[in-house]
Structures are given as C-alpha cells and as structure tokens.
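Please open the structure in a viewer and keep the sequence panel in view. The tour below proceeds by selection, one stop at a time.

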Amino acid sequence: MPGPRRPRETAGNGSCRRPARSTGGQPASKYHATAVIDLRESWKIGPVDVPTRLVLAPMAGVSVQAFRRQGRRYGAGLVCSEMVSCAGIEHGNERTLGYLRVAADEHPLAIQLFGSEPRPMAEAARMVESVGADIVDLNFGCPVKKVTRTGAGAHLLEEPDLACRLVEAVADAVELPVTVKLRRGVENGSRACLELGPRLVEAGAASLALHPRSAQQMYTGTADHALTAELVSLVDAPVVASGDVTSRARAQAVLATTGAEAVMVGRGAQGNPWALREIVDGDGGPPTREEVAAELILFVRETVRELGERRATSFLKKFYGWYLGSGRFPKPFKQELLQLDSVDEVERRLLAAAPGAIAILERLEAEVPPGDELTLELPISIYGGG
Ligand SMILES: Cc1cc2nc3c(=O)[nH]c(=O)nc-3n(C[C@H](O)[C@H](O)[C@H](O)COP(=O)(O)O)c2cc1C
C-alpha cells in the first residue's frame, strides 16, 4: 500500500524553496526563472536523504559503478544504475546479476528495473533491496523496440492500469521507496504522463522523474519542461526533471520554472564529470588536459576491475571519445586510442601525452578507495545457490 502522503510543501527539506511552482499547468513567470536555487540543498525521497538537487541519470551501457561513483564525487546527490531486466534477474542471468553490485560509497543509489509483469518485478525489487540499494526505480520510458515489444519501458505509458499494478506490486514487496522514470508518452505531442503520473503516485510511487520527450522522438527535438511544470502541479511527490540539462544556468532555469525538486543529468555527464561540479557549485571551469587524462585513467582502472579486462576494453571505447573530445586532445590522438587493443597501452599513451597527470592520478587514487574494497558481496542466493 502506498505510504502516507507528505503535504507537498514539505516535499523538500521544509524550506520555502518553490517560488516558481506553476499553477494550472501554466509555466512560471520570467521573474521566477531568474530566482537562484541552491543545488546543494538536500531533499528527500520517502525516508532517503538526497544531499544535492542533482541526480545522475540512468544510462544503459554507461552507468557502471565507476560512472556512478565518479558522479557522487563531483556532486550528484543520487545516482542510478542502468535499467536491469526483471526477466534476467528471474532467470539468474549472470551478467544481469552483475548490475546489482553496490559499492559502499555510492549511496544513495537507485537500481532501475524494467519489466512488464507484477510478480517478477516484485521479486526483482526484493533482490534490489537485499543487495543494499536505497531506492527501486521503475523504467516506464525506454523507447527501444527490444524493450517496448515485451510490454516494458515506454509501452507502459499506454497501459496505465498495468503500470499502476507494477508500482503497487513493488511498493508492497519492499520497504524501499519506489520511484518511476517516465517519458511524456509514446506518440509525439502526447500528454500521457500527466494522467499517468498522479495515478502512479496514488499507487505508491514516492517520486517521479520525467523526461518530457515522446518515445517516438527518441532524443530528437528538445525536452519540453513546460510539461514537467504541469506534472509538478499535479502530484504530491517530488518530481525530477530530466532532459537537456547541461549547465548551471539551464539547471537553475529548469528548477525555477518547473518547481521540480531536482534536475537529472545524463549525456552532459558523459566523459565530463566537471559539468556536474559546475552545475552544483557554479565553479571549477574546464579541466586541464592533465586532469582529463588522470580522471580517464582512474575510470579505466575501475571499469576493468568491475567488468574484467576483455569486456572493459570494448566498453570503454565510447568513453575515450567523450573524455578526449571538445578540443581537449587533438583528433588524431583520440583515433589512435580507439585503435588500441589493450587498456595498459591506452594508459601509457595518455600519460605520455599528459605527464602531469601522474601526480593528479596518485592524489585521486589516495582519495578514492579502490572499488573492490567497497563492493558488498552479493548473497549467494542471488546466484541461484552455491
Ligand atoms: C545512452 C543512453 C542510455 C540511457 N539509458 C537509460 C536507462 O537505462 N534508463 C532510463 O530510464 N533512461 C535511460 N536513458 C535516458 C536518460 O536517463 C535521460 O532521461 C535522457 O538522456 C535525457 O537526459 P539528458 O538530456 O540529460 O541526456 C538513456 C539515455 C542515453 C543517452
């Protein structure tokens, strides 16, 4: 059963932070858009304290532990796993179970599930709870056919009854707060999220994250945060605004004009944790070449530890482009790294190109505890027995 509702005025930390809450779906005024909001303010999802108003977006093929831990270091108040298949968990798929590893310095952490049947989703949520996550997030927004044709992801935006039953089943199964991440609807121009959102909260969702693009749009066009403002005005739960937030100015504007509790940042953080620091604190400026090389090497080392060298070698290639692009390193250097088959060689080339990175890397490694010391072992039952 859904927990007792908090009055909306106390959805955050009790401070009077919502100057710009829209009413009746009307966007807030320009005056409010200029209000300065402290992104270092904490807020709550159910009993979970989220220390900043920045959430690192779940991204399939990106949100590994190394990415999440880095996000926390650079100011994200909440991080989220990529979407994890309930069917994969049910069948004990080893790779799927690997997504459930939680490091001690990730908290608060949401693990995101996708599926279309209440019972397996409730079972998967129990597993998420048992591995030590703080929040179970449900994916009602993935537009990819492979997912929607199984009845999961964005397909659920058109199946409101089933969507609510999924939330209810999960809320009944676990003590953790249940959150939902959704798109605006399936078809372009759809406003399905505005009907579904309040029902999901009624069914037990403690918070909603809205990416106000349609599934059809994929990532084209822009996120229509006027819809986020409307959703905020309709639900008694904190709303997180996702889509096209890449700078502090944009984060402030989205928070001020929507009344959302937090912004979620996805693509803007790929290979660019410094963007998170800029958004939260407004300082930092662009990193030096040495800082980029050091952070990338640390990321490579942690990912190898997490995925094993073979999987990490191909997984990491997209990150080289993200870290080294935007004029940080010459294009041919980036191309060279992409040709390399060994992560050791990647590390050597990076250090040769930015020798000053060694000192920064040593400092980072001293500050950041090694991931393997922090990873909590999964209970044996999760692997389906000994
Ligand atoms: C590569 C990639 C993978 C994504 N995977 C997921 C996912 O697993 N679950 C989810 O809810 N959203 C996923 N998203 C959507 C993001 O969480 C986010 O809502 C979207 O990218 C818009 O935010 P942005 O403009 O800050 O990137 C993904 C987005 C990208 C680019």
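What follows is a sequence of selections in a predicted model, beginning at the ligand and ending at the cysteines.

**The ligand and its surroundings**

Select the ligand first, and then the residues around it. The ligand is surrounded by 16 residues, of which the closest are Ala-60, Gln-112, Ser-242, Asp-244 and Arg-267. Next, display the polar atoms. At Pro-58, a polar backbone atom is 2.8 Å from an oxygen atom of the ligand. At Gly-266, a backbone N or O atom likewise lies 2.8 Å from a ligand oxygen atom. Tyr-219 approaches with its side chain: one of its polar atoms lies 3.4 Å from a nitrogen atom of the ligand. How much of the ligand's accessible area does the protein cover? On its own the ligand has 610 Å² of accessible area, and the protein covers 87% of it.

**A nonpolar patch on the surface**

Keep Tyr-219 selected and add Val-144 and Met-218. These three residues form a nonpolar patch on the surface, and together they have about 270 Å² of accessible area. Tyr-219 therefore belongs to this patch and also has a polar side-chain atom 3.4 Å from a ligand nitrogen. Val-144 is found in the loop between β6 (135–140) and α6 (145–148). Its relative accessible area is 40%, so Val-144 is partly exposed.

**Salt bridges between distant parts of the chain**

Now colour the acidic and basic side chains. Side chains of opposite charge can pair when their charged atoms come close. Across the whole structure, a search finds 20 salt bridges. Three of these pairs are visited here, in this section and the next.

Select Asp-224 and Arg-184. Their closest N and O atoms are 3.6 Å apart, and the two residues form a salt bridge. Asp-224 is in the loop between β8 (205–214) and α9 (225–234), while Arg-184 is in strand β7 (residues 178–185), so the pair ties together parts that are 40 residues apart in sequence. Are the two partners buried or exposed? Asp-224 is partly exposed, at 31% relative accessibility, whereas Arg-184 is buried, at 9%.

Move on to Glu-230 and Arg-191. Their side chains meet in a salt bridge with an N to O distance of 2.7 Å. This pair also links distant parts of the chain: Glu-230 lies in helix α9 and Arg-191 in the loop between β7 and α8 (192–203), 39 residues apart. Here the acidic partner, Glu-230, is buried at 15% relative accessibility, and Arg-191 is partly exposed at 43%.

**A salt bridge within one helix**

Select helix α16 (residues 343–353), where Glu-345 and Arg-348 both lie. The two residues are 3 residues apart, about one turn of the helix, and form a salt bridge whose closest N and O atoms are 2.7 Å apart. Glu-345 is partly exposed, with a relative accessible area of 23%; Arg-348 is exposed, at 52%. Add Glu-336 and Arg-349 to the selection: with Glu-345 and Arg-348, they are linked in a network of salt bridges.

**Two buried arginines**

Select Arg-69, which lies in helix α2 (residues 65–73). What does the side chain of Arg-69 contact? A polar contact of 3.3 Å joins it to the side chain of Glu-302. Arg-69 counts as buried, at 4% relative accessibility. From here, go to Ala-104, in the loop between α4 (94–98) and β5 (109–114). The C-alpha atoms of Ala-104 and Arg-69 are separated by 9.6 Å, although the residues are 35 apart along the chain. Ala-104 is partly exposed, at 41% relative accessibility.

The next selection is Arg-213, in strand β8. Arg-213 is buried at 1% relative accessibility. A polar atom of its side chain lies 2.9 Å from the backbone oxygen of Gly-221.

**The cysteines**

For the last stop, select Cys-80 and Cys-193. A disulfide is a covalent bond between the sulfur atoms of two cysteines. How many disulfides are counted in this model? With a cut-off of 2.5 Å between cysteine sulfur atoms, the count is 0. Cys-80 is buried, at 5% relative accessibility, and Cys-193 is buried as well, at 0%.

Notes:
Residues numbered from 1 in each chain as written. Predicted model: local features only at pLDDT ≥ 70, side-chain atom pairs only at ≥ 80, totals over all residues. Heavy atoms only, no water. Patch = residues over 30% accessible without salt bridge, like charges linked within 9 Å, V, L, I, M, F, W, Y side chains within 5 Å. Areas by Shrake-Rupley, 256 points an atom, 1.4 Å probe, with all protein chains shown as cover. Salt bridge = Lys/Arg side-chain N within 4 Å of Asp/Glu carboxyl O. Helix = DSSP H or I, 4+ residues; strand = E, 2+ residues; numbered from the N terminus. Buried < 20%, exposed > 50% of the residue type's maximum accessible area, 1.4 Å probe, protein only. Near = heavy atom within 4 Å. Polar contact = N/O pair within 3.5 Å; in protein donor to acceptor, adjacent residues only side chain to side chain.
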